[in-house]
Amino acid sequence: MLQSRAAPYDMAMRRRALPPTSEPLADFFLGTDLQWFGNLSIGSPPQVLTVVFDTGSSTLEFASTLCGQPCANQVQFDPSKSSTFVDGGRTSSITFATGVGVDPVVGANYRLTLRSATDTVAFGGLSATKVPLFLITNQTAKFSIDPFSGIQGESTPFVKCDIAGATVDVTLTCGLAGIGATAQGIFASLIGQGLPLLFGMYLTPKAVGNAELTLGGVDSAKFIGSPIFAPLPSGTGSTWLLASPGISVNGKTTSLLHTSRTIIFDSGTSNILFSTNTANAIYALISPDIKPNLNEPGTYGIACDRIPSLPAKIDITFTSQAGTPFNLTIPSSELSVGPFASNSSLCQTLINAFDGLELVGGSLLKHYYSIWDVGGRRLGFAPAAGV
């Protein structure tokens with residue numbers, strides 16, 4: 001059953017609010033769960049493309065016929081076949097800090113070249129016109145394995161305030177929610193029509209299936225009990241992150257791990273990234289035999305036949321809105337993300353070292369139903385049903 005949580009920021013729009021809407025998500029599995037992606041319809045008449053719904057980015061971009069051979073493995077949007085397509089004419093590029101898989105990003109090996117435009121976009125039966133988007137006109141080879149065509153960013157500020165011609169509802173929403181960012185993609189545009197400012201994600205392991213994204217509400221059938229909410233720290237900008245007072249591994253911690261840090265929640269990253277010191281401290285509490293793999297800097301590995309015998313429960317502590325601590329747990333079953341391509345007897349472990357970045361992705365998120373409350377500036381979690 002879908003339910004939309006009423007909150008002060010959407011009370012003023014209740015008479016014209018759009019209902020929540022959901023779409024199933026497919027799992028890109030390659031030795032481990034890498035990405036979850038679902039359908040968007042673009043243009044008039046609609047062309048159906050699949051995109052990753054990525055809380056670590058903010059824009060909508062997808063493969064187009066302007067890309068040609070570099071995008072040959074993806075379904076490509078043809079702007080010449082859409083009567084509502086408007087070319088924006090601006091070119092730009094994006095270089096990603098994390099990639100599609102569990103391999104570390106090296107230089108600019110995950111890079112997209114883009115051209116701005118607007119068009120009609122639909123999700124789950126709801127549509128919006130003149131949605132800002134980008135056509136992918138070139139991409140690096142790392143994207144060639146993707147079974148999806150693009151990315152829909154879901155970072156926190158979705159709505160542009162005080163734009164010329166904006167409806168009262170958009171401006172009111174911005175003022176009450178304290179948001180001041182450029183609208184990008186379908187969610188931002190639906191918010192302007194009265195969709196409540198939250199979404200729910202049910203990212204599941206491949207063996208469980210039935211993954212789902214709900215815009216404008218949550219699906220209470222997909223989680224157990226009542227969600228626990230934690231507030232986003234002030235000044236976080238567009239990033240979904242929470243403050244954490246500490247990390248423990250198999251019930252143990254160290255002075256380094258029992259240190260305050262802010263951790264990013266990124267649905268578009270499959271594994272975990274911590275600073276080198278933090279990664280080393282976590283692995284030291286699992287097994288001294290987990291070592292850096294010098295062939296792929298930033299990764300760690302251990303003999304695959306050792307994995308089943310290693311307890312590796314990682315608890316990351318956060319503080320709820322009520323001021324009480326709670327843990328989000330990554331179970332031991334997530335320790336391995338699969339064998340290295342260069343050595344099938346050596347398994348890569350779930351944490352990559354990335355100095356300056358503390359981030360959790362699918363390794364954690366697929367064990368919880370997550371609620372991304374844009375207007376309330378908070379994140380909510382409940383145990384995922386069936387996982």
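This passage describes the overall make-up of a predicted protein model and then three points of its backbone.

The predicted protein has 387 residues, and 55% of them are buried. Its secondary structure consists of five helices and 28 strands. Sequence-distant pairs feature in the contacts as well: of those between residues at least 6 apart in sequence, 67% connect residues at least 24 apart. Toward the outside, the protein exposes about 15,200 Å², with carbon and sulfur atoms supplying 56% of that area.

Turning to the backbone, a good place to begin is the peptide bond from Ser44 to Pro45, which is cis, its omega being near -5°. For anyone locating this bond in the structure, Pro45 sits in the loop between strand E4 (33-42) and strand E5 (47-54).

Two further residues are worth a look for their phi angles. Lys130 is not a glycine, yet its phi is positive, at about 55°. This lysine belongs to strand E9, which covers residues 126-139. The relative accessible area of Lys130 is 68%, and the residue therefore counts as exposed, the cut-off for that class being over 50%.

Asn250 likewise has a positive phi without being a glycine, here of about 50°. Asn250 is found in a loop, the one between strand E16 (246-249) and strand E17 (261-265). With a relative accessible area of 30%, Asn250 is partly exposed, because this value falls between the limits of under 20% for buried and over 50% for exposed.

Methods. Residues are numbered from 1 along each chain as its sequence is written. This is a predicted model: local features need pLDDT of at least 70, side-chain atom pairs count only at pLDDT 80 or more; totals for chains, interfaces and linings use all residues. Side-chain values use heavy atoms; hydrogens and water are left out. Helices (H or I, at least four residues) and strands (E, at least two) are DSSP runs, numbered from the N terminus. Buried means under 20% relative accessible area, exposed over 50%, partly exposed in between (1.4 Å probe, protein chains only). Contact means heavy atoms within 4.5 Å. Accessible areas come from the Shrake-Rupley method with a 1.4 Å probe; for residues, only the protein chains shown count as cover.
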